[in-house]
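Student: I should like to go through the assignments made for this structure and hear the reasoning behind each one. May we begin?

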Amino acid sequence: MFKNKEIQKLCMYSLVISIMGITILWMIDWKAGIVGVAMVFLLLSTFFVFTRKRYQDISKLAYYLASVYSGQPTMDIRDNVEGELSILKNDIYKVTLTLSEQSTHLKKEKQYLADTLSNISHQLKTPLTSMFVMADLLNNPSLPKDKREEFLGKIINQLKRIEWLVTSLLKLSKIEVQSVIFKKELVSVKKMINKALEPLLVPMELKNQELSFSCKEDLFVYGDENWTVEAILNVMKNGIEHTPVGGRIAILCEETPLFTQIVISDSGEGISPEDAPHIFERFYKGKNAGADSIGIGLAMSKTILQSQNADVFMESQMGVGTTFKIKFYKQII
């Protein structure tokens, strides 16, 4: 405490003033001088005790900040006492708590980035390895023409798969960093479903799947038409891929006072209870996932919808089928 130059100056000035005052009192009356000495002693002692207590509190704050800096858990140093020091304690606690939460968030983001890069590397490694092998085989001049055409076709398919993966990841990244500006316009639900169905009709026809579609013409929601169509398309595509030949796909639109929803049901093999909690996670592939599945379509759908005051939910029963419900929540004024 006494190492502080301001305290040293204060003590020196107080001592000089006290000596001058005691001297004057002593010259007037020696009894008054004695009382003056006692009063000065009491005042200086009180000042010393309170100043020392304040410095102890400041020392505790310094120790607290050092603990936080070293990575120890944030302790609650707030108190209910009035005064500038209590206000300072409360403000320091708020700042350190915010910094601690940000640090935890950054650690999670760093781990998420590492996991994502690992997953991307794994997804790219398989088709690249396959293409390298087929490219080596194509170098063989004695390779039959039909085999050469087969390998070229497979290489093209693998390149399309890589292109789709990279494009999807770029879209997801843009949405997650909020660099995508979603339009907020009134769009027809039936029109969006028809646009999403258009590229899926041929695969459904090849698998001889039955489609039932019921949606009112006057059903509208607020959102970005192009992005929402992509979200709906990915959900439908998942149902078609996991529905066997001759299966059934049903699409139904419903409206309630709270939301408008699209119900997409299939008669596929269903999703196991172990896989159900993870199907909307990026790169997650369930037990029944196809060989070409990457595990990014449903994750993208959920991200797109949640960015537009909407969401997607899943209900499934093994051997019966799966139902996805896309809900567009209405704004309550």
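Tutor: We may begin with glutamine 158, which is found in helix H4. Please bear in mind that this is a predicted model.

Student: Why is glutamine 158 called buried?

Tutor: Its relative accessible area is 18%. Buried means under 20%, so glutamine 158 counts as buried. Leaving aside neighbours within four places in sequence, glutamine 158 is in contact with Pro127, Ser130 and Met131.

Student: What makes glutamate 150 and lysine 147 a salt bridge?

Tutor: The N to O distance between the two side chains is 3.6 Å, and the criterion is a nitrogen within 4 Å of a carboxyl oxygen. The pair therefore qualifies as a salt bridge. Glutamate 150 and lysine 147 are three residues apart in helix H4, which means a separation of about one helical turn. Lys147 and Glu150 are also linked with Lys154 in a network of salt bridges.

Student: Are glutamate 150 and lysine 147 buried or partly exposed, and how do you know?

Tutor: Glutamate 150 has a relative accessible area of 32%, and lysine 147 has 37%. Partly exposed covers the range between under 20% and over 50%, so both residues are partly exposed.

Student: Which parts of the chain does the salt bridge of glutamate 217 with lysine 190 tie together?

Tutor: The closest N and O atoms of glutamate 217 and lysine 190 are 2.9 Å apart. Glutamate 217 lies in the loop between strand E2 and strand E3, and lysine 190 lies in helix H5, so this pair ties together parts that are 27 residues apart in sequence. Glutamate 217, at 56% relative accessible area, is exposed, whereas lysine 190, at 23%, counts as partly exposed.

Student: Why is glutamate 225 counted as buried when it takes part in a salt bridge?

Tutor: The label rests on accessibility: glutamate 225 is at 13%, and the limit for buried is under 20%. Its partner, lysine 195, is partly exposed at 35%. The side chains of lysine 195 and glutamate 225 meet at 3.1 Å, N to O. Lysine 195 lies in helix H5 and glutamate 225 in helix H7, so the pair ties together parts that are 30 residues apart in sequence.

Student: What makes the pair of phenylalanine 182 and tryptophan 227 edge-to-face?

Tutor: The structure holds three aromatic pairs. In the pair of phenylalanine 182 and tryptophan 227, the ring centres are 5.7 Å apart and the planes are at 65°. Planes over 60 degrees apart count as edge-to-face, so the pair receives that name. Phenylalanine 182 and tryptophan 227 are both buried.

Student: How do you know that H8 is largely enclosed by the rest of the structure?

Tutor: Nine of the ten residues of H8 are buried, so the helix is described as largely enclosed. Among the buried residues are Leu298, Met300 and Lys302. The cover over the buried residues of H8 includes H4, H7, strand E6 and E7.

Student: Where does the charged end of lysine 302 sit?

Tutor: The charged end of lysine 302 sits over the ring of phenylalanine 280, 4.7 Å from its centre. That charged end also sits over the ring of phenylalanine 313, 5.5 Å from the centre. The limit for the distance is within 6 Å of the ring centre.

Terms used. Residues are numbered from 1 along each chain as its sequence is written. This is a predicted model: local features need pLDDT of at least 70, side-chain atom pairs count only at pLDDT 80 or more; totals for chains, interfaces and linings use all residues. Side-chain values use heavy atoms; hydrogens and water are left out. Rings of Phe, Tyr and Trp (its six-membered ring) pair if their centres lie within 6.5 Å; planes under 30 degrees apart count as stacked, over 60 as edge-to-face and the rest as tilted. Buried means under 20% relative accessible area, exposed over 50%, partly exposed in between (1.4 Å probe, protein chains only). A charge sits over a ring if NZ of Lys or CZ of Arg is within 6 Å of the ring centre and within 35 degrees of the ring normal. Helices (H or I, at least four residues) and strands (E, at least two) are DSSP runs, numbered from the N terminus. Contact means heavy atoms within 4.5 Å.
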